[in-house]
2 protein chains.
Amino acid sequence: MTARQLRVMSVDKLYGTSNTYRGVTKMKTSYQPQNDYYNATTLLDTYMGSSSSINQSQQRDSHRVFHRRDNLFSVGNYFEGIYLLRSGSAKSFITSRDGEEHITKFYYPGDMLGIDGFDAHVHTQTVRFLETSSVCFIKESQINSLIQTSPDFRNGLLQSMSHTLASDSAMMMCLSTCSSEQKVAQFLLDLSFGFSDRNLSGSEFMLSMTRTDIANYLGMAIETVSRVFASFQQRNIIAVKLRYLSILDFESLNSIVAIDNCSQTLAKKSNIKRVKQALN
Amino acid sequence: MTARQLRVMSVDKLYGTSNTYRGVTKMKTSYQPQNDYYNATTLLDTYMGSSSSINQSQQRDSHRVFHRRDNLFSVGNYFEGIYLLRSGSAKSFITSRDGEEHITKFYYPGDMLGIDGFDAHVHTQTVRFLETSSVCFIKESQINSLIQTSPDFRNGLLQSMSHTLASDSAMMMCLSTCSSEQKVAQFLLDLSFGFSDRNLSGSEFMLSMTRTDIANYLGMAIETVSRVFASFQQRNIIAVKLRYLSILDFESLNSIVAIDNCSQTLAKKSNIKRVKQALN
DNA sequence: CGTGACATTGACCAACTTCAAGGTGCGTGG
DNA sequence: CCACGCACCTTGAAGTTGGTCAATGTCACG
């Protein structure tokens, strides 16, 4: 299969059964806005729908569009409210005192941006867009009133933060105990589930982030990411061509995540036992 | 200095200028409740003080005492509300599908426990006490009413969750980019700051967790933790005797965290540059 | 068709884990 | 009070994973 074929097929699948993009022969490939057709109505409607304190025009005014490499906000910026990602994708990263940056999360439509600012009213992270994207802004005063007037919003906010905490924990576990292969496998499965949740194909999608982003996020060298991708491809677990990725064998991916976690060598097992013993 | 001397001195310092524990010659040492004299009034009073919806007796009823190895709640337990740790210490951990456990956080007086349950109304983590501890329970209905009636509580809750998110990010960065030495140094400094914030000595304290806990938390082998401790001790950066730890040289600890992050070898620098380049 | 950004591949090496053995402190029961 | 067992901790030697370096490949765009 040529790159071109894979590409077009992927794009077709990515946008599902919609005929709008079918038969497109000339399609911008990587490094271009690609995912801005996603639409995040679910969460947004849940939050806003039940609130009478925000009228339509206010909602419309709060929408803004950004492009690749734009920052939504940066470390140190004053916190003014939170954002809902409507389309596109973004990454958030923190900066160590010497300027080294570390990606903490990737965002897709429906995700909340900026909840890191509640603590000190200053953002501790920078959010940068990976492609053309749009967000909906909810300013702090709105948050406060919505919290009181809309149980849906209140629960949504708490749930969203709580969910992030849970996935952070999983991420920490992955970072600290998983092998490179497992990290990548986990990353791909997470992405896949994310796309499925958004009613997009979970088996064929494109990565809106670079290899370097992935490496940084997973705490490994970019070369290792490349090698793991190559290895997975050779084993027919995935097919990857630059940003275009298809998962061919979910079973294997799942077992990679699972296997190394439990039944690797006997040695590891005994070590796990030791750790478990101590956990009491 | 003998172990006994170090021990008694540490205990004296730990409990500050209070004469109650001065001159105690026979003191239970490790593996015994030790920190349950801490008192977390600040946060608690802030939250509760401004609320008229909770009376004194309700507050008193909501207090509970636990012992070492007790679980506050376990993965899968129904979420009924959050807890404020009043005294003692605890750890939270998640469990992978094969039963391996990973510690996500250690808790000290004033910390909130259980905010992981907002998402699905089920706890995704287990909280287990490291020593005799007491908590104050705030049930969900109270949370909801407090959120609406008490701006202090609302902000406190959001700030606490937001703060946790920020420290999770820092932790992820540490886990993925730091060397073993840096991880341990960071861990010790974090502990130290935590104790200082609680008006306890930040330079002499005891670890309420085992080496295995530390290793698990930092994602490294227990032997490595031991070796790093030994190395720090040899370099006169810390003095450690089992659970009793004194930081002798904050400068060095700080520079360890800082140095390796920025100016290690030229090689690493160039890699960082590469990563930075990609972060745009 | 050249340039620059991004990605891949192979060879080498170091940090950290694993394995194995021994040490320390505490509680318990003779 | 001593001896034993247990949990926890330390230390040394061997073995791997994954990082580093360097060179080459691929794609998009002007």
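Trainee: How many residues of chain B are in contact with residues of chain A?

Mentor: This is a predicted model, so the count is computed from predicted coordinates. Contact requires C-beta atoms within 7 Å. On that basis 52 residues of chain A are met by a chain B set of 52 residues.

Trainee: Which element supplies the largest share of the side of chain B that touches chain A?

Mentor: Several elements each supply at least two residues, among them strand E4 (90-95), strand E5 (101-107), helix H4 (140-149) and helix H7 (211-218) of chain B. H9 and helix H10 (266-278) of chain B are also contributors. The largest share is 18 residues, and it comes from H5(B).

Trainee: How do the residues of that side of chain B divide into nonpolar, polar and charged?

Mentor: The side in question is the one that touches chain A. Its residues divide into 20 nonpolar, 20 polar and twelve charged.

Trainee: What relates the two copies, chain A and chain B?

Mentor: Chain B can be laid on chain A with an RMSD of 0.0 Å. The operation is a turn of 180° with a shift of 0.0 Å along the axis. The copies are thus related as by a two-fold rotation axis.

Trainee: What percentage of the contact residues of chain B recur in chain A?

Mentor: The same surface serves both copies. The recurrence is 100%.

Trainee: What span does helix H5 of chain B reach from its first C-alpha to its last?

Mentor: H5(B) covers residues 151-177, which is 27 residues. At 1.5 Å a residue, 39 Å is expected. The model comes close to that, at 38 Å.

Trainee: How many residues of H5(B) are buried?

Mentor: A residue is buried if 20 or more other C-beta atoms lie within 10 Å of its own. By that test H5(B) is mostly covered. The count, out of 27 residues, is 19.

Trainee: Are H6(A) and H8(A) roughly parallel or roughly perpendicular?

Mentor: Helix H6 (residues 180-197) and helix H8 (residues 222-234) of chain A pack at an angle of about 75°, with their axes 10 Å apart. Angles of 65 to 115 degrees count as roughly perpendicular. That makes H6(A), relative to H8(A), roughly perpendicular.

Trainee: Which residues of H7(A) and H8(A) make their contact?

Mentor: H7(A), residues 211-218, and H8(A) pack at about 105°, with axes 8 Å apart. They are therefore roughly perpendicular to each other. H7(A) brings A:Arg211, A:Thr212, A:Ile214 and A:Ala215. H8(A) brings A:Ile222, A:Val225 and A:Ser226.

Trainee: Is B:Arg69 buried or exposed?

Mentor: B:Arg69 lies in the loop between strand E1 (63-66) and strand E2 (71-73) of chain B. Its phi is positive, about 75°, although it is not a glycine. With 11 other C-beta atoms within 10 Å, B:Arg69 is exposed.

Trainee: What is the phi of B:Asn236?

Mentor: B:Asn236 sits in the loop between helix H8 (222-234) and strand E10 (238-241) of chain B. It is exposed, with 10 other C-beta atoms within 10 Å. Most residues other than glycine have a negative phi. B:Asn236 is not a glycine, yet its phi is positive, about 60°.

Trainee: Which residues is B:Leu248 in contact with, leaving aside its neighbours within four places in sequence?

Mentor: B:Leu248 is found in the loop between strand E11 (244-247) and helix H9 (250-262) of chain B. It is partly exposed, with 16 other C-beta atoms within 10 Å. Its contacts are B:Asn236, B:Ile237, B:Ile238 and B:Ala239.

Conventions. Residues are numbered from 1 along each chain as its sequence is written. Chains are lettered from A and ligands numbered from 1 in the order in which they are written. This is a predicted model: local features need pLDDT of at least 70, side-chain atom pairs count only at pLDDT 80 or more; totals for chains, interfaces and linings use all residues. Helices (H or I, at least four residues) and strands (E, at least two) are DSSP runs, numbered from the N terminus. A residue is buried if 20 or more other C-beta atoms lie within 10 Å of its own, exposed if 12 or fewer, and partly exposed in between; C-beta atoms are placed from the backbone. Two residues are in contact if their C-beta atoms, placed from the backbone, lie within 7 Å. Axes are lines fitted to C-alpha atoms, for helices over the stretch in contact, and angles run from 0 to 180 degrees between N-to-C directions. Angles under 35 degrees count as roughly parallel, over 145 as roughly antiparallel, 65 to 115 as roughly perpendicular and the rest as oblique. Copies are superposed by least squares on the C-alpha atoms of residues with pLDDT of at least 70 in both. The expected span of a helix is 1.5 Å times one less than its number of residues. Ala, Val, Leu, Ile, Met, Phe, Trp, Tyr, Cys and Pro count as nonpolar, Asp, Glu, Lys and Arg as charged, and the others, Gly among them, as polar.
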